[in-house]
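Thank you all for coming; I would like to take you slowly through one model this morning. Please have the sequence and the picture open while I talk.

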Amino acid sequence: MKNNKTKLLLIFFISIFTSNVFGIDYFWPTGIPLKDGSRLGGVNIEKISDNKIKKFFNKKLKIIGYTKSKGVFQQKTHEVTLSDKLFTFDEEYNTGDDHVGIYLTRILGVRLEDAKKSNGFVAIPSKYKVEDVKILNLKRSTITDMHKPYIDAIKNSGGVIPDKTAKYMLSKQDSLVIYEDRDERNKFAIIRGVVFLNETPVFYNDSAFAPIFSHKEIKSFLLKIDGKVFFLGCFPLSVLKNGQRKNMDSYYYLVDLEEGKAYLPMHLREEK
């Protein structure tokens, strides 16, 4: 089918060589509205080869998302079962100069009975045990004396924060803003492009996390998967390609906070 809605080209076909690209498998849920008003749910597979994707046929996934009721956000998870059906759709996008191009969207569908449950941000295969899902309640405040442990951690980040970035942050202490979740179990905070867990810097993203803070409806999560803590947030992920940093489009990415590594969804990985 053809979707006449003009949209910007999403840059999916990127070759990336970096040790932190792989790790936990996960997908981006997607769907295509059909002419009869129903929706074909599934997960984005783009250029994943048919042979590689076959191992996910008829497998269960846990989809992570949230609901909003009377201004209150609550995490919501769904379990769906993938089908063995692959679909390709064409969509128009604006190439500039009054030209229109065609972009192919390729998905692995879910079973029909799960079509209405396939909304969410990431879909995690059932081979991983998702033990806990917590919506982060990030509050903005300026750095005060109570945040001294964070300043000390910037000074001694153990290599997590690049030296040049750490020096810049410390020289601008008066203007530093911290976004923190004061939950006692997992003290989560972000200062500029640095993620802290329990007042310790664990991950640095060169492209920072602006979408999380500039859009009130965009929520972030702390996940516990197979006993490890992960951050799930919407931001432009900065990855290494041939020794140089490249900014990926803003969407939901998984960050292993114990390993300090961000993982790409499966359809953005390079197949070898």
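Let me begin with a question: is Phe221 buried or exposed? Phe221 is buried, with a relative accessible area of 0%, where buried means under 20% relative accessible area, exposed means over 50%, and partly exposed lies in between, using a 1.4 Å probe and protein chains only.

Before going on, I should say that this is a predicted model, in which local features need pLDDT of at least 70 and side-chain atom pairs count only at pLDDT 80 or more, while totals for chains, interfaces and linings use all residues. Residues are numbered from 1 along each chain as its sequence is written, and side-chain values use heavy atoms, with hydrogens and water left out.

Now to the aromatic rings. The structure holds 16 aromatic pairs, where rings of Phe, Tyr and Trp (for Trp, its six-membered ring) pair if their centres lie within 6.5 Å, and planes under 30 degrees apart count as stacked, over 60 as edge-to-face and the rest as tilted. In the pair of Tyr66 and Phe221 the ring centres are 6.4 Å apart and the planes stand at 35°, so this pair is tilted. Because Tyr66 lies in strand β4 (residues 60-69) and Phe221 in strand β14, the pair ties together parts that are 155 residues apart in sequence; helices (H or I, at least four residues) and strands (E, at least two) are DSSP runs, numbered from the N terminus. Tyr66, at 22% relative accessibility, counts as partly exposed.

A second pair, Tyr150 with Phe196, has ring centres 5.2 Å apart and planes at 80°, so it is edge-to-face. Tyr150 belongs to helix α2 (residues 148-155) and Phe196 to strand β12 (residues 194-197), so here parts 46 residues apart in sequence are tied together. Both Tyr150 and Phe196 are buried. Returning to Tyr66 and Phe221, they belong to one aromatic cluster, whose members include Trp28, Phe73, Phe121 and Tyr253.

The strands I have mentioned lead us to the sheets. One open sheet of five strands runs in the order β8-β14-β15-β16-β17, with antiparallel pairing, where two strands pair if DSSP finds at least two bridges between them. At its edges stand β8 (130-135) and β17 (261-263), each with a single partner strand, so one side of each is left without a neighbour in the sheet. Between β8 and β14 (residues 221-225), which run antiparallel, there are five bridges, and Val133 stands opposite Leu223 in β14.

The other open sheet I want to show also has five strands, in the order β9-β10-β11-β12-β13, and its pairing is antiparallel. Its edge strands are β9 and β13 (200-204), each pairing on one side only. Strand β11 (residues 188-191) is joined to β12 by four bridges, and the two run antiparallel; within β12, Val195 is the bridge partner of Ile190.

Finally, consider Asp90, which sits in strand β5 (residues 72-96). At 22% relative accessibility, Asp90 counts as partly exposed. Asp90 and Ile102 are twelve residues apart in sequence, and their C-alpha atoms are 6.2 Å apart in space.

I will stop there and take your questions.
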